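Good morning, everyone, and thank you for making the time. I would like to walk you through a structure that is new to most of us, so please have a look at it while I talk.

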Amino acid sequence: MPYFVYKITPDMRLTHIETQERYQDARATVRNLRAEHAEGAERVEGEDADYRMIFAKHQLEAERLLSRPKDNRVIGED
């Protein structure tokens, strides 16, 4: 199964960047995009995009998984 790299904006718009077969290649791509964004973020205000990598069978599944809200983690007992 491939790794999909996405740009995610605060309003949850997903932009497919690329698809990689190897984890190491996808991880390097995401790290490079995050580093470039961090350098450029100082110059461009209001650009709060995030870059994510996800492992899925196909692109539709990747987008569905990324669009789903995360569950709140519970640590310990209440």
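I will begin with the chain as a whole, go on to the sheet, and end with the helix that lies against it.

Please keep in mind throughout that what you see is a predicted model. The protein chain has 78 residues, and buried residues make up 27% of them. Its accessible surface comes to about 6,200 Å², and carbon and sulfur atoms account for 46% of that area.

As for secondary structure, the chain holds 2 helices and 3 strands, and if you follow the elements from the N terminus, they run β-β-α-β-α.

How, then, are the strands ordered in the sheet? They form an open sheet in the order E2-E1-E3, with antiparallel pairing, and the edges are taken by strand E2, residues 14–20, and strand E3, residues 50–55, each of which pairs on one side only. On average, neighbouring strands of this sheet are turned by 25° against each other, if direction is ignored.

Let me stay for a moment with the pairing of E1 and E2, where strand E1, residues 3–8, is joined to the antiparallel strand E2 by 6 bridges. Within this part of the sheet you can find Tyr6 standing opposite His16, which belongs to E2.

Helix H2, residues 59–67, packs on the sheet and touches E1, E2 and E3, while its direction makes about 45° with that of E1.

Finally, looking at contacts in the protein chain with a separation of 6 or more, we find that 49% of them are between residues 24 or more positions apart.

Methods. Residues numbered from 1 in each chain as written. Predicted model: local features only at pLDDT ≥ 70, side-chain atom pairs only at ≥ 80, totals over all residues. Heavy atoms only, no water. Pairing = 2+ DSSP bridges. Helix = DSSP H or I, 4+ residues; strand = E, 2+ residues; numbered from the N terminus. Axes fitted to C-alpha atoms, helices over the stretch in contact; angles between N-to-C directions. Contact = heavy atoms within 4.5 Å. Buried < 20%, exposed > 50% of the residue type's maximum accessible area, 1.4 Å probe, protein only. Areas by Shrake-Rupley, 256 points an atom, 1.4 Å probe, with all protein chains shown as cover.
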